[in-house]
Amino acid sequence: MASGDAQAGSGDWLVGNPTGGQLASALWIGSVGLLILGLQPVLLGALYTEGHVSGDELALVATAEMIAIAIGSAIVAMLLSARNMRWKSAVLLLLLALANVWTAYAGGANPLMEARALAGLAEGGLVAVATELIARSRRAERIGGFFVTMQTLAQCALALLLALYVIPAAGSAGGFLILAVVCVLSLVVAFVVPADYADLPKDENLANVLTVPSITALSCVFCYFMFFGSVWAFLEPLGAQFGIDGRTVGLIVSASLAVQVTGAMTATVFEARIDYRTAIAVIGAVALVASLILASGPALATFWVAALVMGFILLFVVPYQIRLAITADETRTAVLLVPAAQLFGLAIGPVAASLLIDGKDFRPVPEFAAGSALASVLLLGLFILVARRRRASA
């Protein structure tokens, strides 16, 4: 029996006892599934600049992929057994590679949406490879911090490579082909993942999630990521409206990703020292202010600062969102749906914000983001109120 197959927990694990190498491999597989999150402004911006999609179509392409990722992660986490994870990882990587090649040669908005929807389903499955293992840890918040750090380091490096070298030379097609190569190379890592994950108790899954605390917690996560997703998808056209060229926006994206790494690492260090409610409330307020700054037509330097602040807080909050979900549902079923809530937020944000765009005026996008950030804070307040009443009646 492999070390990751043991049913009894050991040390930091509720069930199972994966080695450090097995944990790192699972986190990398999940990171490959989320590479697109950091690369969307660069790749979709290139599709827009090359004339493959309009502004509205750009939002639909982004939304199709994010929704598919959310669906894929939820299906694998909630409905499929955590068995044969190595072969599942390999098949999903190959499927994603094929979808990226399809995207590189797709012509028109509809084929692009179909290709990215297929990619999203595979990416969601890869995310679940990581989150399923994270949910089995007694220190899920800390490992969640490591996960977002790893994925963002990879996004940062690739965004810089694509923005400075690949896309100027080979366009958006070259960028998607690079993603396909990463998937193929990651097949080696897939066979280090634990073959089977030890079972978490999953009785009455739906009952654990369909409670007011769980729904409120997941809605809080959803609204926060809707804030970021709306701005992130339209960062290049928003910058262009303020006189910032696409190459500069590409550099801002890469720098923002680097700052995201700092945010994730900082949260990993301080997650046990800051109350999750304080962290989520303060970060929501910062998100609100950053969004309003972007809506004000900022100069280049202010645009840089707002984008970097948003990058820092994006992943800083993730370990605290994991703690929020664990507090809402101690069976940890809700935790398995945190990635789906995040991804649905990233998906709905762009399409909802696009409905407010008037011609080539993209200012309503950060205004919508500000409203989403405020909604996240208000939902946190509702969760705190519900949790207090639940404890009082217990």
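I take contact, or touching, to mean heavy atoms within 4.5 Å. I am working from a predicted model, in which local features need pLDDT of at least 70, side-chain atom pairs count only at pLDDT 80 or more, and totals for chains, interfaces and linings use all residues. I number residues from 1 along each chain as its sequence is written, and side-chain values use heavy atoms, with hydrogens and water left out.

**Entry: F227 and the core.** I looked up F227 and found that, not counting residues up to four places away in sequence, F227 touches A287, S291, M310, I313, A369, S372 and A373. In the largest nonpolar core (a set of buried Ala, Val, Leu, Ile, Met, Phe, Trp, Tyr and Cys residues joined through side-chain atoms within 4.5 Å), which has 141 residues, Y224, F227 and L324 touch the most other members. Helix α6, residues 140-185, supplies the largest share of this core, 17 residues; helices here are DSSP runs (H or I, at least four residues), numbered from the N terminus.

**Entry: T149.** I then turned to T149, which lies in helix α6, and is buried at 11% relative accessibility, where buried means under 20% relative accessible area with a 1.4 Å probe, protein chains only. Setting aside neighbours within four places in sequence, I find T149 in contact with V261, A264, M265 and T268.

**Entry: cysteines.** Why does the structure hold zero disulfides? I define a disulfide as a pair of cysteine sulfur atoms within 2.5 Å, and the sulfur of C156 is 19 Å from the closest cysteine sulfur, in C183, which is too far for a bond. C156 is buried at 16% relative accessible area, and C183 is buried at 2%.

Conventions:
Buried < 20%, exposed > 50% of the residue type's maximum accessible area, 1.4 Å probe, protein only. Helix = DSSP H or I, 4+ residues; strand = E, 2+ residues; numbered from the N terminus.
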